[in-house]
Amino acid sequence: MPSDVSSSAERRAEPWVVRFALPQRIEHLLLVVSFTLLVLTGLPQRFAATGWAQSMIWAFGGIDSTRLIHRAFAVMFMVEGAWHAAWVTWLLATRRARPSMLPTPRDVTDSVRQIGYYLGIAKAEPAYDRYDYRQKFEYWGVVWGGVVMVVTGLIMMFPTRAAAILPGEFIPAAKEAHGGEALLAFLVIVTWHLYGAHLNPHRFPADTTIFTGRITRRRMEAEHPLELARMVDRGDPSARPPEA
Amino acid sequence: MGDACLACHADPGLTMTLPGGATMSVGMDAAAFAKSIHGDKLTCRACHRGIEGFPHPPRTETSRREYSLANYEACKTCHFDNYTRTLDSMHHRVLAEGNENAPVCTDCHGAHDVVDLRGKGVAISRTCASCHQEVYASYAQSVHGKAITEGNADVPDCTDCHGAHQMVDPRTRQFHEDSPDLCATCHTDAEVMGRYGISTNVLKSYLQDFHGVTVSFYKKRTPEDATVKAVCTDCHGIHDIRATDDPESSVIRANLVQTCRKCHPDATEAFPAAWLSHYEPSPTRAPMVYWVKVFYRIFVPLIVGGLVLHIGLDLGRLLVNRLRRKRG
């Protein structure tokens, strides 16, 4: 991460690199909308005995409509997830993209070096590729959490059908896991993601890259130098070095 | 009491003819009245008003029932509180709709032989049985009804659940949604339940599960199109409620799936295990639920704690770098 924070006017004048394509930006938006509504309608259900949760449930029109809204956005989340899986599979199968999110041994050494840098042991931060280990951790957290939420959510949505193929105890166990995983997801988003993407002093008040698709060349050099080099190599027009 | 009245009315065979030709008995058992709760308090004329002198003024009622309905309000002179309660009751509503068989004060309490019914559960329940035979027969076979006939004072008689004077229609959604609190009156009482080894956790565990969460919202406002979500009585039975180890219990393992199917018609044999029978998950009881719970209780703070630590390290390094730069 760059340790100097430049003014917004300076930043606007800087050269840009295209980091995210439109479909990726739309996917992130769908995820933001569905996740937010799922949390707003879901957490009050987990803590339904408390006053704040009950106020929220009444604000959504009562318990039945809260559940209906929750399920509607769950469908949105599932469709988004299925689309993502299909799209990524197609990109990888047709060699249109590298598996840049796959964890590699280098992520382990990177994390050790990064923490070493924090502790003053390593002199510099590691040079990262398209995604650093923190971003990969979060991506796979969403994938793992999403699978847990979808499976346990479907069990609760269709309890008699679930009990036709699974022992009945899976239903209360699914409820427990759904609540635990939801709390984890919520806490990770409000701490790790909001800090990492928006609230940390390097990015404050917000990193707009995932919304606009653009990142400054300077940030790319600092945060993802290996990816920038790769883009230059393959002749990506947006990654062309600026005229001196 | 009115000895003058008894000069004639002590004859148990005394009758009079009402307009229209019906005969009404007007003799009374003076000994029974003397033993009644009013025996040393009231004279005949306290209740039988407008009968001054002899011959008595002519009556306009054409039947014994009409006479009762025309005169029972004499009770409210003293018992105004309970009288007003009855005005909100199901019985009064039926009476107001024109059903002459709906009970008034004297139908339950008697006229001359009124006794104090407080604490006399069997007598109360049998009073209700004089009209509600079928419900009473079912109740008499239940865990509550059997115990009450054995003299047990812990179990409910009819009025403990329905109220005595202000009994409301128990077939409404509101009564249904409020009923868990009714059962909980006794079933969360540790002293009473302790005598029978029954858990007092039943309400809490119910309220934590799907049915209980929904019903506690419906209690405040039930959506018009809402389907019925189970309360205590939907699984355990109402008047015919059995002990949970009774082979005829609707919630004993062998019968439970049938009970679930009342609302979940496609429930399989595995389905009832979804309900933890009011037990808290433990390593022996619902172990899968217990271990999932334990896993997240450790996993969530571990992950979030680790991430917050990482954030702290990032902020710490930033601070150190800035301080160093300032110092040049």
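The following questions and answers concern the nonpolar cores and the overall form of chain B in a predicted model.

Reader: Which helix supplies the largest share of the largest nonpolar core?

Author: The largest nonpolar core has 19 residues, and those with the most contacts inside it include Ala163(A), Phe170(A), Ile171(A) and Ala274(B). At least two residues each come from helix 7 (159–165) and helix 8 (170–199) of chain A, and likewise from helix 17 (253–261) and helix 18 (287–327) of chain B. The largest share, 5 residues, is supplied by helix 8 of chain A.

Reader: Which residues is Ala274(B) in contact with, leaving aside its neighbours within four places in sequence?

Author: Ala274(B) is listed with Ala163(A) and Ile171(A) among the residues that have the most contacts inside the largest core. Once neighbours within four places in sequence are left aside, the contacts of Ala274(B) are with Pro159(A), Ala163(A), Gly168(A), Ile171(A) and Pro172(A).

Reader: How many residues are in the second, separate core?

Author: This second core includes Ala48(A) from chain A, together with Tyr218(B), Ala230(B) and Val231(B) from chain B. Being separate from the core of 19 residues, the second core has a count of its own, which is 10 residues.

Reader: Is chain B compact or spread out, and what is its radius of gyration?

Author: Chain B has 18 helices and 2 strands, and its C-alpha atoms fill a box of roughly 120 × 55 × 40 Å along the principal axes. For 328 residues the globule rule gives 20 Å, and the radius of gyration is well over that value, so chain B is more spread out than a compact globule, at 31 Å.

Methods. Residues numbered from 1 in each chain as written. Chains lettered and ligands numbered in written order. Predicted model: local features only at pLDDT ≥ 70, side-chain atom pairs only at ≥ 80, totals over all residues. Core = buried A, V, L, I, M, F, W, Y, C linked by C-beta atoms within 7 Å. Buried ≥ 20, exposed ≤ 12 C-beta atoms within 10 Å, placed from the backbone. Helix = DSSP H or I, 4+ residues; strand = E, 2+ residues; numbered from the N terminus. Contact = placed C-beta atoms within 7 Å. Rg over C-alpha atoms; globule rule 2.2 N^0.38 Å.
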